[in-house]
Amino acid sequence: DVAHFEMLARFKGNESTQEWMIFGEDVGLAADFDIAVCERAINYLLYKGGVTRKKFAVNLSGQSMQNEQFFRTLLAKLTANKGLSERLIFEITESNLMTELDMANRFIKTLQGHGFKVCLDDFGAGAASFQYLQKLHVDYVKIDGQYTSRLLGTFRDAVMIKNLNKMCEDLNVQVVVEQIEKKEQYEKLMEL
């Protein structure tokens, strides 16, 4: 098995990272922050990751996915450091509503053309999840943990996960489920 890590940013103090990310999107700094995190992940894989098979997943704001300059900068960094596609995955977060879905999908296809996998993160947490899945040709969908946490107690969440999995299978999109913390959740998910 290959270890899979997510690059997580933390700020000093006890303040919520999510609140800072939303603030960054509101003031137009999401792309700068995302490039900084991507650079950190690339540098780690090149200089500290050694020969391990660790994979990193880096979240990209929906706002960054609609920013041409961000994408040119990211692509230049990836092109200059070949061989990372086996070890670096990009996850698109739903924190900021994407309106330029055709542009975002072109970015996704370009990343995939360079061998990178792309995931739609926190699926079901936002209002536009199904619209994103229809327009964005991602490799993975990561179902938000709120569905897993309620899975054993509600019939509706089980039905939603089961049918989302079937839809993704038909679309040739792999499914990842967040926050599996109990054996019973795992067994129920495998059944679905």
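**View 1. Helix H4 and the residues it buries.** The buried residues of H4 are Leu101, Met103, Ala104, Asn105, Phe107, Ile108 and Leu111. As in every view here, the model is a predicted one. Around these buried residues you will find, among other things, helix H3 (68-80), strand E3 (88-92), E4 and helix H5 (129-135). A handy check on the helix geometry: with 1.5 Å a residue, the 13 residues of H4 should span 18 Å, and the end C-alpha atoms are indeed 18 Å apart, so the two agree. Just past the end of H4, look for Gly115, whose phi is positive at about 95 degrees.

**View 2. Ile108 in its surroundings.** Here we zoom in on one residue of helix H4 (residues 101-113), namely Ile108. Ile108 counts as buried because its relative accessibility is 0%, against a cut-off of under 20%. Leaving aside residues up to four places away in sequence, Ile108 touches Met65, Ile92, Val118, Leu136, His137 and Val138. Val138 makes a nice pair to pick out: it sits 30 residues from Ile108 along the chain, yet their C-alpha atoms are separated by 7.1 Å.

**View 3. The largest nonpolar core.** This core has 45 residues, and Leu74, Leu88, Phe90 and Val141 have the most contacts inside it. The top contributor to this core is helix H2 (residues 30-48), which supplies 7 residues. As background, nonpolar side chains in soluble globular proteins tend to be buried together. Follow Val141 to see its partners: beyond residues up to four places away in sequence, Val141 touches Cys119, Leu120, Phe123, Leu133, Cys168, Val173, Gln174, Val175 and Val176.

**View 4. Strand E5 between its partners E4 and E6.** Side chains leave strand E5 (residues 140-143) in two directions, with Tyr140 and Lys142 pointing one way and Val141 and Ile143 the other; all of them are buried. Strand E4 (residues 117-123) pairs with E5 in the parallel sense over 3 bridges. E5 also runs parallel to strand E6 (residues 174-177), joined to it by 4 bridges. Tyr140 is a good anchor for finding your way around: Cys119 stands opposite Tyr140 of E5, while the bridge partner of Tyr140 in E6 is Gln174.

**View 5. Cysteines without a disulfide.** If you are setting up bonds, note that a search of the whole structure finds 0 disulfides. A disulfide is a covalent bond between the sulfur atoms of two cysteines. Why does Cys168 not bond to Cys119? The sulfur of Cys119 is the closest cysteine sulfur to that of Cys168, but at 10.0 Å it is too far for a bond; the cut-off is within 2.5 Å. Cys168 is buried, since its relative accessible area is 0%. Elsewhere, Cys38 also counts as buried because its relative accessibility is 2%.

**View 6. Gln66 and its backbone contacts.** Gln66 lies in the loop between strand E2 (55-60) and H3. Is Gln66 buried or exposed? With 17% relative accessibility, Gln66 counts as buried. The side chain of Gln66 has two backbone nitrogens to look for. One belongs to Thr99, at 2.7 Å from a polar side-chain atom of Gln66. The other is the backbone nitrogen of Glu100, which the Gln66 side chain reaches at 2.6 Å.

Definitions and conventions: Residues are numbered from 1 along each chain as its sequence is written. This is a predicted model: local features need pLDDT of at least 70, side-chain atom pairs count only at pLDDT 80 or more; totals for chains, interfaces and linings use all residues. Side-chain values use heavy atoms; hydrogens and water are left out. Buried means under 20% relative accessible area, exposed over 50%, partly exposed in between (1.4 Å probe, protein chains only). Contact means heavy atoms within 4.5 Å. A nonpolar core is a set of buried Ala, Val, Leu, Ile, Met, Phe, Trp, Tyr and Cys residues joined through side-chain atoms within 4.5 Å. Two strands pair if DSSP finds at least two bridges between them. The expected span of a helix is 1.5 Å times one less than its number of residues. A polar contact is a pair of N or O atoms within 3.5 Å; within protein, one must be able to donate a hydrogen and the other to accept it, and residues adjacent in sequence count only if both atoms are side-chain atoms.
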